[in-house]
Amino acid sequence: MSTGTEGTAPAVCLPAAVEFRNVTKLYGRGTPREYLALSDVSFTIPDRTDHGEFASFLGPSGCGKSTVLRLVAGLEPQHPPTSGTVTVLGREVVGPGADRGMVFQDYTSFDNRTVLGNVVFGLECRGVPRSQREAEGLDWIERVGLDPVQDADKYPHELSGGMRQRVAIARTLILRPRVILMDEPFGALDPATRLDMQDLLVKLWREVQATVLFVTHSVEEAVYLGDRVYLMDTTPGRIAEEIILPAASAPAREAQSEPWFNEQVMRIHERIEQIEVTAKPLPQR
Ligand SMILES: Nc1ncnc2c1ncn2[C@@H]1O[C@H](COP(=O)(O)OP(=O)(O)O)[C@@H](O)[C@H]1O
Ligand SMILES: [Mg+2]
């Protein structure tokens with residue numbers, strides 16, 4: 001049967017980078033604390049081998065953003081979903097794996113390891129020989145904008161918040177995950193550092209061409225970084241809207257003062273206000 005599409009570009013046959021199919025998550029099932037955190041969540045983030053897709057997640061507190069990320073990471077107790085399927089690169093998630101890396105908001109470095117020790121930790125676990133992992137580690141320290149000579153031997157308590165998040169990013173990216181999960185990674189940083197980190201992330205993301213799932217409370221950050229934004233609604237957590245956006249083409253400070261950017265940000269703010277107004281109050285627990 002003719003589909004009428006002959007001669008057009010071939011359909012993309014790659015499995016999606018991340019796919020949720022009718023995912024529901026009920027915490028504390030059968031207990032008095034039972035709570036429906038996600039209800040029938042479906043979305044597909046394609047695997048774009050040419051640049052990697054950047055998907056931002058926005059929504060009120062408690063709408064299930066971290067639950068979504070941790071389901072992708074295969075981390076308990078979010079994993080496994082109560083029903084539905086989560087697939088990464090065509091395979092159902094059965095637990096954590098090297099194809100996924102996660103960066104959290106809190107500074108999660110090992111206090112007793114130096115910057116270099118933290119950055120190479122994953123390679124050490126994989127049994128990569130010392131000289132090779134240290135060479136790669138120093139390269140990554142430089143790529144995230146730290147100084148391999150001055151900073152490599154520092155301990156986390158000697159670093160600013162921005163520097164610590166650079167270490168966390170290096171520690172994750174050195175393992176070359178195909179999917180990078182970031183849960184409010186810049187949430188604790190001051191506004192200027194945050195813009196610098198956004199620029200750094202765009203640069204690195206272009207280099208590694210991985211798919212990024214990025215949770216943030218900042219509409220500006222979500223719109224600047226995202227190729228698409230998933231706007232979530234709450235009680236129960238669900239996807240309210242998927243917004244496709246142009247890719248970041250200018251540095252953060254410049255792009256975020258352009259008219260199209262401000263219009264998009266205002267529209268999303270209005271939509272979030274609607275969501276917050278109609279959100280049912282959380283049940284007493
Ligand atoms: N382990 C858990 N047990 C019970 N409830 C949980 C658990 N983790 C999260 N929740 C609840 O599920 C909802 C969604 O949580 P979360 O995914 O952390 O939201 P967000 O990251 O959007 O703030 C919240 O109401 C939270 O209290
Ligand atoms: Mg969260």
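**Exercise 1.** Find the bridge partner of M232 in strand 10, then describe how strand 9 is placed.

*Solution.* Step 1: M232 has I239 as its bridge partner in strand 10. The model is predicted, local features need pLDDT of at least 70, side-chain atom pairs count only at pLDDT 80 or more, and totals for chains, interfaces and linings use all residues. Residues are numbered from 1 along each chain as its sequence is written, and chains are lettered from A and ligands numbered from 1 in the order in which they are written.

Step 2: Strand 9 and strand 10 (residues 238-244) run antiparallel and are joined by six bridges. Strands here are DSSP runs of E with at least two residues, helices are runs of H or I with at least four residues, and both are numbered from the N terminus. Two strands pair if DSSP finds at least two bridges between them.

Step 3: Four residues lie between the strands in this hairpin, where T235 takes a positive phi near 50 degrees.

Step 4: Strand 9 also pairs with strand 3 (residues 54-58), in the parallel sense and over four bridges. There, A55 stands opposite R228 of strand 9.

Step 5: Of the six residues in strand 9 (residues 228-233), five are buried. A residue is buried if 20 or more other C-beta atoms, placed from the backbone, lie within 10 Å of its own, exposed if 12 or fewer, and partly exposed in between.

**Exercise 2.** Give the strand order of the open sheet of four strands and name the strands at its edges.

*Solution.* Step 1: The order is 2-1-4-5, with antiparallel pairing. Step 2: Strand 2 and strand 5 (91-92) stand at the edges; each has a single partner strand, so one side of each lacks a neighbour in the sheet. Step 3: Within the sheet, strand 1 (residues 18-27) and strand 4 (residues 83-88) are joined by five bridges. T24 has S83 as its bridge partner in strand 4.

**Exercise 3.** Describe the shell around ligand 1.

*Solution.* Step 1: The shell holds 14 residues, and the closest are Y27, A37, K65, S66 and T67; a residue is near the ligand if its C-beta atom, placed from the backbone, lies within 6 Å of it. Step 2: Strand 2 (35-45) and helix 1 (65-73) are the elements that give two or more residues. Helix 1 gives the most, with three residues.

**Exercise 4.** Is G145 buried or partly exposed?

*Solution.* G145 counts as partly exposed because it has 18 C-beta neighbours inside 10 Å.
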